[in-house]
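Here's a walk through one protein model, written for someone who likes to poke at coordinates. Have a look at the fold before reading on.

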Amino acid sequence: MNTQNSSSANKFVPLVTADTNMKEFTLRALLIGLVLSVVLGAANAYLGLKAGMTIAATYPAAVIGMAALRLFRGTLLEENFTRTAGSIGESVAAGAIFTLPAFFIAGIWAGEDFFSLSSYITASLILVAGGTLGVLFVALLRRVMVEDKELPFPESIAAVEIHKSGQSGSGGSKFLFIAMLGGALIKIAGELKLFATGWTTFFKAGTATLANGQTLQGGFFAGGPAISPAYLGVGYIIGPRLASLSFSGLVIAWGLMVPVLLAVLGETFVGGLTINAGIDAASTEAWLNASSVVWREYVRIIAIGGMLVAACFTLFRMRNSLGAGLMRAFKDLKRTAQGSGEHVERTEKDLKSAYILIGICLAAALTFVITYFIFNTSILVAIVTSTVMIVLAFIFSAVSGYLVGIIGSSSNPVSGLTITALVVTGLILVACGVTGKEGIAAVLGVAAIVCVSAAVAGEMFQDLKAGHLIGGTPWKMQTGNIIGAVISGLVLFGVIIILHQGDVNMGLQQGYVGGVGSDEIPAPQATLMAHLATALVDGGMTWVLIIAGMLMGTALILMGIKGPMLIFVGMFLPFATVCAIFAGGLIKGILDIYTARRKYDEKQLLTTENTGVLLASGLIAGQALMGLLVAVFAIFNVFFSNMLGISQPQYFIGLIIVAIMAYYLIMVPLKEGGKTKQA
């Protein structure tokens, strides 16, 4: 995108110049942004708990905001402000689902404590503190990041293009809304059992007798992709390469580890699992059940060890970028502290440094209150916790912003940063003598605040870069994001509770153990955080499996595999989920083949890409919002699965629906790209 004035090649000129008088921070823009922040945050919370991934909310926030403001004849700066406030909920949601369920999984908020008023207040304070800190640190570091010519900010450029296309009346909102409707309808149709949302079977292999006389018997778990618009959309957005890495983890888990462990454990193990279940030990159902137990109790723990190594490797591989980002951050902080009496244009005004420092001090005080009064630690531990939190939040906010500038918000390794923060905090607090649930809670609390702060900082830097190109006012955008982070922080733990309790009730009705950490809501990052915090403080970890996973991760790194984290995520997530994500990646791969054959130019490729992302984002948002509604009904013991009385839904109908979604995800972007010509 050309942002240079033809008369002055060295002078940057935004779309809206600093001396332009245009509406920006208005009540309508703020309210629309806050609604989007909550809605997109809730949708990402749903997606993250089930698939372990979130998607950047910048694109849907931009499109929906433009469509809503068009009814009021809103300005370009209002659209920019709405997008900024609306996208922050996704980042708060990422921090929430990566960490807060860990309190339940680790037993800190056991049973009914998970949805008590005390837990809600604590969780909300954590989210508000982390979200506010992220915005405040960004305000300190904004200028050096957004003006750095070495940082391309790819997703910010794409967001600006969406705004520019909206000014010409082609913002693509219809694609997003139609896909949302489609995702919602498919979700409710699956709940009504109009089709089967999954299919599994077990293929027994022949028996073998070893030299020592031991007989091996087993086989292979098999199945199809979950009929899920959201998972398909995730795979489509991450693309064929990353989706294939995730699928390779599935192959390792279910094609190697589960069959080997089943063969070693033997038929006696399978029979033992069926004693209280009323299942014939020789039946396919018994072997399917045994496969799930082996995967859950053994393979997933190995995957946790691998994820730990993969997260550390990701940060190590980015060490040069991280170091450069930190150096720039500290230099800019020093420059900000020194101040300047020069006139500052509207497009360069950030929040006042005094307000920022007061906010940071309040966040530190809030962390002290949570640690000392709620988690019942000593004063020393509370002081150390607050100090460590501020230092780590600043460092990782700067790192997150720098990484987003290079690779975009969707690829920001927030979970890796959080794991590092958790391990550092755990080691420091263990040295201070913490033990038991209080120590685990303190470790998780710091990790949660740092995680939210880093996630919010990455998204905020991305939005500020887009605002910089458009000509938005930084302090207004920062204020809108603080309000959005606070509102989202007060809502999102409630969303997690709704999903948790709804799945618990659904499990009681359908015969499975539901809730956070179950197969339906695996919450992979939170499970990892819970295990690590427990291991660091109390040593309650299956270390032999964790170490095996760490060694496996090391082996993959030595083989030169660039995405080991996704491989272990593929091992950790349920079979049907990974299959569906892989199917989405294949669909995107087919689209890429077609665009290559048609020799689309750069502008056509951009239109094709943006249209596809909007369609996929709509499918995700539609299913997620309908899933939340289904969970609300389940809390009140209203189950859609009973309404039509269908007992044996057919899976092949679901496959037809997947084929229809694939057709539209390929043909609609191709058609839109074909209409566009290089300027």
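Not counting residues up to four places away in sequence, which residues does Lys 465 touch? They are Val 146, Phe 153 and Ser 156. Lys 465 sits in helix H13, which covers residues 436-470. Its relative accessible area is 10%, and since the cut-off for buried is under 20%, this lysine counts as buried. Keep in mind that everything here comes from a predicted model.

**The overall picture**

The protein chain has 20 helices and six strands. Of its 679 residues, 59% count as buried. If you take the contacts with a separation of 6 or more, residues 24 or more positions apart make up 84% of them.

**Helix H4 and its kink**

Helix H4 takes in residues 117-146, so 30 residues by the usual DSSP runs. From its first C-alpha to its last it reaches 41 Å, close to the 44 Å expected at 1.5 Å a residue. There's a kink in H4 as well: about 55°, centred on Leu 140. H4 is mostly covered, with 24 of its 30 residues buried.

One residue of H4 to click on is Val 128. It is buried, at 18% relative accessible area. Val 128 and Ala 485 are 357 residues apart in sequence, yet their C-alpha atoms are 6.4 Å apart in space. Leaving out residues up to four places away in sequence, Val 128 touches Val 486, Gly 489 and Leu 490.

**H1 against H14**

Which helix pair comes within 9 Å, axis to axis, and crosses at roughly 35°? That's H1 (residues 27-51) and H14 (residues 474-510). The crossing is right-handed. On the H1 side, the residues that meet H14 are Leu 30, Leu 34, Ser 37, Val 38, Gly 41, Ala 42, Ala 45, Tyr 46 and Leu 49. Facing them in H14 are Ile 483, Gly 484, Ile 487, Ser 488, Val 491, Leu 492, Val 495, Ile 496 and Leu 499. Sorted by class, this contact has 14 nonpolar residues, four polar ones and no charged ones.

**A look at H2**

How far apart are the end C-alpha atoms of helix H2 (residues 58-70)? They are 18 Å apart, and that agrees with the 18 Å its 13 residues should span at 1.5 Å a residue. H2 is mostly covered too, with 10 of its 13 residues buried. Among those buried residues are Thr 58, Tyr 59, Pro 60, Met 66 and Leu 69.

**Two positive phi values**

Most residues other than glycine have a negative phi. Two residues here go the other way. Ala 523 has a positive phi of about 40° although it is not a glycine, and its place is the loop between H14 and helix H15 (524-538). Asn 637, also not a glycine, has a positive phi near 60°, and it is found in the loop between helix H19 (602-635) and helix H20 (651-675).

Buried or exposed: what is the status of Asn 637? It is exposed, because its relative accessible area of 54% is over the 50% cut-off. Ala 523, on the other hand, is buried, with a relative accessible area of 1%.

**Glu 348 and Val 384**

Glu 348 belongs to the loop between helix H9 (319-338) and helix H10 (353-374). At 17% relative accessibility it counts as buried, because the cut-off is under 20%. Setting aside neighbours within four places in sequence, Glu 348 is in contact with Arg 142, Arg 143, Glu 147, His 468 and Pro 474.

Val 384 lies in helix H11 (residues 379-407). Its contacts, again leaving aside neighbours within four places in sequence, are Ile 428, Leu 429 and Cys 432. Val 384 and Cys 432 are 48 residues apart in sequence and 8.6 Å apart in space, C-alpha to C-alpha.

Here are the accessibility values for some of these residues.

| Residue | Relative accessible area | Status |
|---|---|---|
| Lys 465 | 10% | buried |
| Val 128 | 18% | buried |
| Val 384 | 17% | buried |
| Glu 348 | 17% | buried |
| Ala 523 | 1% | buried |
| Asn 637 | 54% | exposed |

Technical notes
Residues numbered from 1 in each chain as written. Predicted model: local features only at pLDDT ≥ 70, side-chain atom pairs only at ≥ 80, totals over all residues. Heavy atoms only, no water. Axes fitted to C-alpha atoms, helices over the stretch in contact; angles between N-to-C directions. Helix = DSSP H or I, 4+ residues; strand = E, 2+ residues; numbered from the N terminus. Left-handed = near helix turned anticlockwise from the far one by under 90°. Contact = heavy atoms within 4.5 Å. Nonpolar A, V, L, I, M, F, W, Y, C, P; charged D, E, K, R; others polar. Expected span 1.5 Å × (residues − 1). Bend = angle between axes of the 7 residues up to and from the residue. Buried < 20%, exposed > 50% of the residue type's maximum accessible area, 1.4 Å probe, protein only.
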